Amino acid sequence: MSLTSSKDSSPSDLDSIPLQAINNSRHDEGQGMPSNPPDHGEAGMSQMGKHSNGLSAPMNGHDSSAPKQQTMTSHEESGAAYMAEEEGEDDVITAVLPEAAQGILTPYLITSSILAGFSGLLFGWDTGLAAGMLVSIHSDLNGQPLTAGEQEAVVSATTAGAILGSLVAGRAADRFGRKTVILVAALLFLLGSLEQAASQDVRQLVLGRGIVGVAVGGSAMVVPLYLAEVAPTSLRGRIVGMNSLLVTAGQLVAYLVNALLSPLAHSWRWMVLASALPAVVQLIGLAKLDESPRWLVGRGRYVEARRVIKRIYPMASEAEVEGMVDRMESGARGGSRAAMTSDDIDAEPGSSRRAAKPSLRSQWQHLLQSKRALILSCGLQFFQQASGFNALMYYSPRLLSIAGFTANPNSFATLIAVANFGGTVAAMRLVDRPEWGRRRLLMWTTVGMAACLLGLAGAFAMIPNAGDVTDGPTKGTPEPKPSSVFAPPSTPQKGNDTAINAVRAPSSVLDATLTSRATSVPQTGSVVWPILSLLLMILTTLLYALGLGIIPWLVTSESFHGPSRSLGIAISSGCNWTTNLIWSSTYLSLVQVVGGPSVLFVVFAGMAGGCAAFARGRLVELRGVGIEDVGAAFGGSDQRQQQQRRAHQQDEGDGEERAGLLESERRGQMRASDREEATPSNAP
Ligand SMILES: O[C@H]1[C@H](O)[C@@H](O)[C@H](O)[C@@H](O)[C@H]1O
C-alpha cells in the first residue's frame with residue numbers, strides 16, 4: 001500500500017484510501033508541546049492499541065518523511081486509521097475516519113444539537129436575566145427596596161447553585177443518562193422560573209435563583225458532554241460550539257426581553273416568566289431527543305445504540321456501525337480493562353458483548369491517570385472566568401457609566417452582548433478549520449485580549465473618579481428621562497445601596513436607544529477616553545467570544561475519555577463556576593478598594609496572557625481526533641516526552657533500540673502487504 005503525505009491528500013483522497021497511516025511526527029521544539037500524533041507503541045498504545053495494534057509508525061518521531069506502512073486490525077477494516085498532519089508550527093492529530101464516519105450535518109444532527117442546546121439558551125437567559133431583574137424589583141418584596149446583601153444573595157444563589165449542579169450532574173449523567181439530566185435540568189429551569197415569579201419575599205426569590213442555578217450548572221456540564229458524544233469527529237467543534245452560541249444568544253435575548261418588558265408593572269415577574277418559555281419548548285421537544293450512543297453502549301444497550309448511530313450516520317454500512325459500536329465499547333472502558341473492577345463489567349443477556357458500568361472509584365482511578373487532560377481542562381475553565389469577561393459583561397453598564405456614558409449606559413452595554421454573540425458565531429466556523437483549530441485560535445485571541453485589556457486599563461486611568469462605583473449609574477446626574485413608550489418605572493437607588501445596585505442591566509435598552517441618542521455621549525472632559533474605552537470593551541468581548549468563550553467548553557467536552565469522561569467534565573465545570581463566583585461577588589468592591597477598574601484590567605490582562613502561555617504549553621490539539629482516541633492523544637504526548645528525555649539520556653546512536661524499531665517496522669510492513677494481497681479491493 002502506498003502512502004502519501006497528508007499535505008498532498010485532500011480529504012476525498014483520504015476517503016478513497018481507507019486504510020493508511022501517515023506519520024509526520026514532529027516535536028514542538030522548546031515547548032515539548034504534546035500535540036503530535038500518538039505513537040504507536042508502548043504506553044501510547046494503551047488505548048489505541050485496541051484498534052490499531054501492529055501499527056509500525058516510527059517511535060522516535062524523527063522520521064517525518066518516509067512513508068510508513070502498517071497492518072490493519074479488525075477495527076481498521078471497519079475504517080479508522082490515523083494521520084498526523086504537519087501544519088506550520090503545530091502538529092495536529094487527525095483521525096481519518098471512513099467516509100460514513102466523517103459525518104454530514106444532517107437535519108437529525110441539527111435538531112438534536114438545538115434540542116440539547118436549548119439548555120444553553122436557558123443558561124444564557126437566566127444568567128443575563130439577573131441584573132435587569134434586580135433593578136425592576138423596587139419594593140415588590142418585603143415592601144422595601146432590596147438591600148445590598150439581599151441583591152448579592154440573589155446574584156450568587158445562581159452561581160452557588162451552578163457549582164452544586166455541575167458536580168452532581170456528572171454522576172447523574174453516568175447513572176441515569178445524559179438525556180435524563182438534560183430533562184431534569186429543563187424541569188428545574190421551569191420550576192425555578194415559576195418559583196421566582198411567584199415569590200413574595202427575598203428568601204423565596206433566592207430559592208428560585210438557586211434552583212435555576214442547579215439547572216444552569218447541570219446543563220453547562222451535560223450538554224457539551226452529550227453534544228461531543230453525538231457529534232461526528234469532523235463536526236465536533238461546530239456541534240459543541242452550538243451550546244456556546246445558544247448561551248450567548250440567551251444572554252442577548254435576556255437583555256432585549258428585559259428591555260421590552262420593563263415598562264410593565266412588576267416587570268421582573270414577567271421577565272422570569274418569559275424565561276420559562278424555552279424550558280417548556282425544550283421539555284416538549286425532548287421526546288424527540290435520542291440518548292447518547294456512547295452512553296447506551298456503556299450501559300450495554302447495544303440495540304438502541306445501533307439505532308442512534310444509524311441516525312447520526314445515515315450512510316454507514318452495517319459493518320461500519322458495528323465498528324463504531326466496537327470503538328465506543330472500548331472507549332467506555334478507557335481502552336483497557338485495567339481501570340475496571342469486576343463489578344464494573346456486565347454481560348448483555350444473549351450477547352457476547354460486555355458493558356462497562358464504572359464505579360465512582362474506578363472513575364477516579366481512571367481520571368487520575370488522565371491528569372494532563374484534567375489540568376488542561378480545569379486550567380482553561382479557570383482562565384475563562386479569571387480573565388474577567390463576566391465581570392466586564394455583567395458590570396458593563398456601570399463601567400460605561402464610570403467612563404462617562406452617563407445618560408444611559410445600558411444601550412451601549414447591549415453592544416457587549418451583541419459582540420459576544422457575533423464572536424461566537426465566527427468562532428464556530430474557525431474551531432474546526434485546519435489553519436486555526438482550538439490551540440492557535442485560543443493563543444492568538446487571548447494575546448489580543450491581553451493587549452485590549454491593557455488598553456482599557458490605560459483608558460480608564462485617564463478618566464477622573466473611576467473608583468466611584470457606589471452612587472448609582474449616573475453619579476449624581478439625573479436619571480435619563482424615559483420615553484413615553486418604553487418608560488420603566490424607575491426608583492433611583494442610591495448611595496450605599498451597593499455594588500450590585502450599580503449593575504444597571506439593560507432593562508431599558510430600547511428606551512435608552514430612543515431617548516439617549518442626543519445625551520449619551522460623555523458630557524464632561526475629553527470624549528476620547530470614554531469612546532476608546534467603549535471600543536476596547538467591544539473588541540475585548542469579540543476576542544473573548546472567538547476564543548475563551550467557546551474553546552474551554554469544547555476542550556473540556558473532548559479531553560476526557562473512557563469511564564472518567566463525565567467526572568472530568570463535572571470537575572472542570574466546577575472550576576469554572578467557582579472562579580466565576582469569586583470574581584462576580586468581589587469585582588465592584590475591589591474596584592472601589594483599588595480606586596478604579598484599571599488595576600483589575602491589568603490583572604485580567606495578566607490572566608489572558610497567562611492563558612495564552614498555558615494554551616501554548618498544554619493545549620493538545622484535538623481537532624479531528626475521535627473521542628475514543630483522545631486518551632492516546634494525551635498518552636502519546638506523554639510517551640513522546642519520555643522518549644525525548646530518554647533520547648537526551650541515552651547515547652544518540654543506541655544501535656540496539658534502532659535495530660528493534662527497524663525490525664518492528666519491517667514486520668509491520670510485511671503484515672500490511674500480506675493484508676493487501678488478501679484484500680485487493682482496499683488498495684488505493
Ligand atoms: O462560555 C460562556 C459564555 O462565554 C458566556 O457568555 C459567559 O457568560 C459564560 O460564563 C461562559 O461560560
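Trainee: Of the contacts in the chain with a separation of 6 or more, what share comes from residues 24 or more positions apart?

Mentor: Good start! This is a predicted model, where local features need pLDDT of at least 70, side-chain atom pairs count only at pLDDT 80 or more, and totals for chains, interfaces and linings use all residues. Residues are numbered from 1 along each chain as its sequence is written, and side-chain values use heavy atoms, without hydrogens and water. With contact meaning heavy atoms within 4.5 Å, the share from residues 24 or more positions apart is 80%.

Trainee: Is isoleucine 163 buried or exposed?

Mentor: Isoleucine 163 lies in helix H6, residues 148–176 (helices are DSSP runs of H or I, at least four residues, numbered from the N terminus). Buried means under 20% relative accessible area, exposed over 50%, and partly exposed in between, with a 1.4 Å probe and protein chains only. Because its relative accessibility is 19%, isoleucine 163 counts as buried.

Trainee: Which residues is isoleucine 163 in contact with, leaving aside its neighbours within four places in sequence?

Mentor: Look far along the sequence here. Cysteine 575 is 412 residues from isoleucine 163 in sequence, and their C-alpha atoms are 8.2 Å apart in space. Leaving aside the neighbours within four places, the contacts of isoleucine 163 are Trp577, Thr578 and Leu581.

Trainee: Let's turn to the ligand. Which helix gives the most to the shell around the ligand?

Mentor: Among the residues surrounding the ligand are Val247, Gln384 and Phe389, where a residue is near a molecule if one of its heavy atoms lies within 4 Å of it. H9 (236–261), H15 (371–386) and H16 (389–394) each supply at least two residues of this shell. With three residues, the helix that gives the most is H9.

Trainee: How much of the accessible area of the ligand does the protein cover?

Mentor: Start with the oxygen atoms of the ligand: one lies 2.8 Å from a polar backbone atom of glycine 549. A polar side-chain atom of asparagine 420 is 2.9 Å from an oxygen atom of the ligand, and one of tryptophan 553 is 3.0 Å from an oxygen atom of the ligand. On its own the ligand has 300 Å² of accessible area (Shrake-Rupley method, 1.4 Å probe), and the part covered by the protein is 98%.

Trainee: Which domains does the ligand lie between, and why?

Mentor: The domain bounds come from an automatic or database domain assignment. The ligand lies between two domains because both give residues to the shell around it: domain 1 (101–289) and domain 2 (371–466 + 527–624).

Conventions
A polar contact is a pair of N or O atoms within 3.5 Å; within protein, one must be able to donate a hydrogen and the other to accept it, and residues adjacent in sequence count only if both atoms are side-chain atoms.
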